[in-house]
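Here are my notes on the model you sent round. They deal with the two ligand sites and with two backbone positions.

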Amino acid sequence: MKVLKFGGTSVGSAENIKTLLRLVGEEKQKNNPVVVLSAMSGVTNLLTDMAEMAERGEDYDAHLKEIEARHFAVIRSLLPAAAQNPVFTRLKIFFNELEDLLQAVANLRELSLQTKDQILSYGERCSSFMIAHIAAQNFGNAIYVNGAELIKTDSNFGQAKVDTELTEMLIKNFYQANKDKVLFVTGFISSNAAGRITTLGRGGSDYTAAVWGAALNAEEIEIWTDVNGMMTADPRIVKKAFSLQELSYTEAMELSYFGAKVIYPPTMIPAFMKKIPIVIKNTFEPNFGGTYIKSDVKASNLPIKGISSIDHISIINLTGSGMVGKAGFSGRLFSLLSREQINVVLITQSSSEHSITFAVKPTDAGQAIALIKKEFELELDANKLALPEVENNLAVLAIVGENMKRTPGMSGRLFNALGRNGINVRAIAQGSSEYNISVIISAADLSKAVNAVHDAFFTDLKRTLNIFCLGTGNIGKTLFNQLKEQMPFLAANNDLQVKVTGICNTRKMIFNADGLSLENWESELSSNGEQADLAEFVAKMKAMNLPNCVFVDNTAAETPIEFYQGVFESSISVVTCNKKGNSADFAQYKSFKDTARKFGVDFYYETNVGAGLPIIRTLKELMMSGDKVARIEAILSGTISYIFNNFKGEAGFYQTVKEAQELGYTEPDPRDDLNGKDFMRKMLILARDAGYPLEAADVKIDNILPEACLNATSVEDFYAELQKNAAYFEDLKNKAANDGKVLRYIGKLEDGNVEISLQMVDDSHPFYMLSGSDNIISFTTDRYKSRPLVVKGPGAGAEVTAAGVFADIINVGQTT
Ligand SMILES: NC(=O)C1=CN([C@@H]2O[C@H](COP(=O)(O)OP(=O)(O)OC[C@H]3O[C@@H](n4cnc5c(N)ncnc54)[C@H](O)[C@@H]3O)[C@@H](O)[C@H]2O)C=CC1
Ligand SMILES: N[C@@H](CC=O)C(=O)O
Ligand code: NA
């Protein structure tokens, strides 16, 4: 025999009641179930409001009418006319009684807990009476049971404690006498020895089901609700949360205690005592198999079962020598709070015993402080205790699961996820059972924290990276195309989901926490984007407070650089192809690196040198493993490389530069390539990464341009000067060709000195054979002494650059 409990939504409308009756009908084919019912959804709230309105002398009539109307609509829709009358009559009696009670409250302007319980009881009594009668029409042997008469409690109105022995006897006897019937029992309500109505606490209908299940040794207690059982996290916060198949009673208790409202925590106790499985099912999702809460849970490979949270909490800190070695101190403190019904959510105590921190609901904090001041007046006066301090706007996040006990590294994983996302932990508690680690954090960080922690533990799911991208030009656009094409690959092979959560260029900016569409981002940005404002963009990115964020700079501008520092300080990683950041002052370069390290985030800029070629990475790995760079020789301007590889025969210099620009090799301003500045930046960054604290002025640059070209004040003028100076370039070309040589613009770092020079090299030179926009770099190091380590390949162009940015983004993903 099973006990089936249906919650408010499941009894909330005629349509849903039909579904409920079908489910009960199916169960009845096997055995007559006991059916426990809640009030129709929203009715308990209406009753509470009405009681309080009456107490304040306000008019509650509209609420009463609404309750009546909702029940009567169901009766009219689900009962044939001939069968309606007795139900109408009984419900009208209920409503009259309710009105009398409310009138009494209004007259006295006083609402005791006892009266309130009496008022609330009509929610379950009306729904159960009505549904029992509808069921009787469908399958004959259904009866209404006022559960309040069978569940006996103490007189703690509002949260009564069950007299288990007496209750079990009453339930057993009643069931024995009515075995041939389907019982439709009111949830939530009970009565004390004097027969006055008591209630079992909000959510108490689940508890009623468990009490019945335990009394009758039911085969199962089914809790039918409107969600897919218990999930790994609150699905409103974590989109990727998934339903759990199995949980132990303790795990379910811990998860539901901290937030997950799916089941009322005390429900677990009667079920646990008798080892009766609880199954949570979804009335509206017949294909959902249910969450089983039971004792013989299969071994699971999930490191934790879930993350639960409470979003509003205050903490109270007590410090002082008065606590040291005083065995009775915490006893006095917590019995005082419990006596006054202040629920302590979590406690931590420092090992020096100098301080105790505990968490309470914000509404209890003031009273707790007042009580402490009174109780510890002597200690406070003697300065043995400092005045208690309250901190508000906090939240609790807890990871829960029995596997934690067996697996080392769980707390490391939790704190790493929090730390990388810049979430400050105010207090920590681990239950001695090791089923739960709880942290107190700022309420504003809760959503980010739960998502980050979910990603860190449920690694079989796709991890999410949220990227905020500056620049939609040559590189930015290509990156979006590559991301769009590679999404399925990333999902399948890297378990990674990259969401573009913000885009900004010089004109417009747009945001979407769920990810912007990569199909039509351009039209979205131009039609729905707001006016661009970089400071706003960065501020909004921070305010969105998403986990695992990356700030991607695909511009060639100086202004974004000003924001890097603050971005790192907000625990957001930076990926940039913009060389201007790392090639400005050395102090700034160093500060970026130090700040990223301090805040535990990444700073990747592989494309600063040689576009997607693995140059920065290679140098970093050499340095990290203790190698020392003796010399670097390199061709690092893709543009100039292309020009010298194609400025041959009939080709003119001006045309070849134009081609390089059209192929996407040049900087947005091609003068930066031809005047050597871009190359200088790259050499400077390499030198710095190799350990030399150089400034731009330390790099010696050989000019390849005549004075007039260097002085051009616009790109147009520049091109005009190139044309005018054609003879100069022809001359260079011929000189090299006559000697059987080629022109090469080569950078060199040796003994901390950097120079870039124009050279003519013959075929004995290792840099002779290059084509297209090839870059080449040779590292001579302690380890690569007699034969250098060489990296060579296309070092400019939108595809290879965007691919390099893409790889840097993915790398951030690897370590989050
Ligand atoms: N072309 C290549 O082969 C390589 C390029 N790079 C770097 O890639 C970067 C981008 O180059 P391109 O895409 O060719 O430039 P682009 O001129 O085509 O695009 C630049 C984009 O940045 C935006 N932008 C400029 N200033 C901005 C600001 N203050 N706030 C927001 N957005 C701003 C512009 O609106 C535009 O969308 C440059 O820093 C370049 O050095 C790096 C390696 C190779
Ligand atoms: N304009 C640059 C592009 C890569 O950084 C170049 O020509 O090398
Ligand atoms: Na590179």
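The points below take the ligands in turn and then the backbone.

1. This is a predicted model, and the contacts and angles below should be read as computed from it.

2. Ligand 1 has 24 residues around it, and the closest are Thr472, Ile475, Thr555, Glu667 and Gly797. By class, this shell divides into seven nonpolar, 15 polar and two charged residues.

3. Oxygen atoms of ligand 1 take part in several polar contacts. A backbone N or O atom of threonine 555 lies 2.7 Å from one oxygen atom. On the side-chain part, a polar atom of lysine 579 is 3.1 Å from an oxygen atom of the ligand, and for an N or O atom in the side chain of threonine 801 the distance is 3.2 Å. On its own, ligand 1 has 850 Å² of accessible area, and the protein covers 86% of it.

4. Around ligand 2 there are 13 residues, with Gly638, Thr639, Tyr665, Glu667 and Lys682 the closest. Three of the shell residues are nonpolar, five are polar and five are charged.

5. Which atoms of ligand 2 pair with glycine 638 and glutamate 667? With glycine 638, an oxygen atom of the ligand lies 2.7 Å from a backbone N or O atom. With glutamate 667, a nitrogen atom of the ligand is 2.7 Å from an N or O atom in the side chain. The protein buries 94% of the 250 Å² that ligand 2 exposes when taken alone. Two elements, α21 (638-646) and α24 (677-689), give two or more residues each to the shell.

6. The two sites should be read together. Ligand 1 sits in the second largest pocket, and the space taken by ligand 2 is also the second largest pocket. Glu667 is listed among the closest residues to ligand 1 and among those closest to ligand 2. The side chain of lysine 579 has a polar atom 3.1 Å from an oxygen atom of ligand 1, and an N or O atom of that side chain is 2.8 Å from an oxygen atom of ligand 2.

7. Two backbone angles deserve a look, because most residues other than glycine have a negative phi. Asparagine 217 has a positive phi of about 50° and is found in the loop between α7 (204-215) and β8 (220-225). Its relative accessibility is 52%, so asparagine 217 counts as exposed.

8. Lysine 275 also has a positive phi, near 55°. This residue is in the loop between α9 (268-274) and β10 (278-282). With a relative accessible area of 48%, lysine 275 is partly exposed.

Terms used. Residues are numbered from 1 along each chain as its sequence is written. Chains are lettered from A and ligands numbered from 1 in the order in which they are written. This is a predicted model: local features need pLDDT of at least 70, side-chain atom pairs count only at pLDDT 80 or more; totals for chains, interfaces and linings use all residues. Side-chain values use heavy atoms; hydrogens and water are left out. A residue is near a molecule or strand if one of its heavy atoms lies within 4 Å of it. A polar contact is a pair of N or O atoms within 3.5 Å; within protein, one must be able to donate a hydrogen and the other to accept it, and residues adjacent in sequence count only if both atoms are side-chain atoms. Accessible areas come from the Shrake-Rupley method with a 1.4 Å probe; for residues, only the protein chains shown count as cover. On a 1 Å grid over the protein atoms alone, a cavity is a set of points where a 1.4 Å probe fits but cannot get out, and a pocket is an open set with protein on both sides within 12 Å along at least five of seven lines; lining residues have an atom within 4 Å of a point. A molecule sits in a cavity or pocket if more than half of its atoms lie within 2 Å of its grid points. Helices (H or I, at least four residues) and strands (E, at least two) are DSSP runs, numbered from the N terminus. Ala, Val, Leu, Ile, Met, Phe, Trp, Tyr, Cys and Pro count as nonpolar, Asp, Glu, Lys and Arg as charged, and the others, Gly among them, as polar. Buried means under 20% relative accessible area, exposed over 50%, partly exposed in between (1.4 Å probe, protein chains only).
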